[in-house]
Amino acid sequence: MGRNHLRAIKASDQVQVVAIAEPAVAARTALEPTGLPLHADLESMLSAGGLDGVLVCVPSTMHLDTVKRLVVAKLPILCEKPVGITAEQAFLAARLTAHASVPLQVGFWRRFVPALKRLRERIAAGELGEIYLVACYQWDGAPPGEYFRTHSGGIFVDMGVHEFDQTRWLTGQEFGDISALASGVAAEPWPGDPESAQALCVLSGGSSALVSLGRRFPLGDVCKVEVFGTRNADECRFLWPPTADDTFFEALKVQAESFAAYARGGEREGAGGDDATAALAAAERAASHLASGGVPP
Ligand SMILES: NC(=O)c1ccc[n+]([C@@H]2O[C@H](COP(=O)([O-])OP(=O)(O)OC[C@H]3O[C@@H](n4cnc5c(N)ncnc54)[C@H](O)[C@@H]3O)[C@@H](O)[C@H]2O)c1
């Protein structure tokens, strides 16, 4: 993901990557053509100085420790989702940064996708009426590697946090009860982590939400949302071939620019630590329902 941010930020005339901390030798060597100062660890990068903020793209299990170190360094933080792999870790990150008055923004890049911003405005303006159902889909082209899969919290924590955050952000409603179901189909079964899982959720305003996740999809990485209301309905394939990459990289760029404005003392436009905590709490409820047997077949 760090390389994705690098590519996206390269297109910005407002934000610049000035240094990278990367402990893996092979990954560091691959970054040499960037010409940027490369550090073998965060300490070395912090000692070198010259940073206005830090974009945290380390494995999710290391998010909280990294945030803690950056709080001590008093540097604004744009942390990749999910901000740890439990709601408690995200809560701690939110509390520590708030207490130290260190800006913390979370990498829920969907909040910077123009089509989704328009959909949110339509819902808020009542154009769709009262909302029966918000259905959010995220289907990836191919499953991640073994290290990632075992250090990212499982399908609802790793992938689902995007949909849980998106649903809260689109509707302004909070999650109530959540039931989950794993698909019995898997091209390559992975013990403890289904290749596809769905969550059916009660929202605080009376709406229902569906979160549909898959780690394998023939068209590549795709995301869409469908909203059904009393007055109208909408469907938004906001990440879909052939424009999926353009949408993704543009949103990452705008997210970084928005973070820079926040780090300079402006308002936070993106998600914060409380949003990460709420998304992870919902993901944990879905995962725990699944672990306890889920919806019976
Ligand atoms: N927002 C999104 O859509 C999105 C997409 C993919 C991944 N992510 C998030 O990005 C994070 C990284 O995911 P990834 O797919 O790039 O994983 P990855 O394992 O491919 O990359 C993680 C990188 O962090 C480096 N690293 C490990 N420890 C480090 C440390 N202490 N200091 C500095 N670097 C360190 C590793 O060497 C590696 O290069 C995860 O938290 C993941 O949830 C977000």
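Counting charges in this predicted model turns up 26 positive and 35 negative side chains in the chain. Take the centre of each set, and the two points sit 2 Å apart. The accessible surface that the chain shows to its surroundings adds up to about 14,100 Å². Carbon and sulfur atoms account for 54% of that area.

As for the fold itself, the chain is built from 10 helices and 11 strands. Its radius of gyration is 19 Å, close to the 19 Å that the globule rule gives for 297 residues, so the chain is as compact as a globular protein of that length. Measured out along the principal axes, the box filled by the C-alpha atoms is roughly 55 × 45 × 40 Å. Of the 297 residues, 48% are buried. The contacts also say something about how the chain comes back on itself in sequence terms: among those between residues at least 6 apart, 70% link residues at least 24 apart.

To zoom in on a single residue, Thr277 is a handy example. Thr277 belongs to helix α10, which runs over residues 273–291. The relative accessible area of Thr277 is 15%, and since buried means under 20%, this threonine counts as buried. Which residues does Thr277 touch, leaving aside those up to four places away in sequence? The list is made up of Ala87, Ala90, Phe91 and Ala94. So the picture for Thr277 is a buried residue in helix α10, in touch with residues including Phe91 and Ala94.

Key
Residues numbered from 1 in each chain as written. Predicted model: local features only at pLDDT ≥ 70, side-chain atom pairs only at ≥ 80, totals over all residues. Heavy atoms only, no water. Helix = DSSP H or I, 4+ residues; strand = E, 2+ residues; numbered from the N terminus. Rg over C-alpha atoms; globule rule 2.2 N^0.38 Å. Buried < 20%, exposed > 50% of the residue type's maximum accessible area, 1.4 Å probe, protein only. Contact = heavy atoms within 4.5 Å. Areas by Shrake-Rupley, 256 points an atom, 1.4 Å probe, with all protein chains shown as cover. Lys, Arg positive; Asp, Glu negative; His and termini not counted. Charge placed at Lys NZ, Arg CZ, Asp CG, Glu CD.
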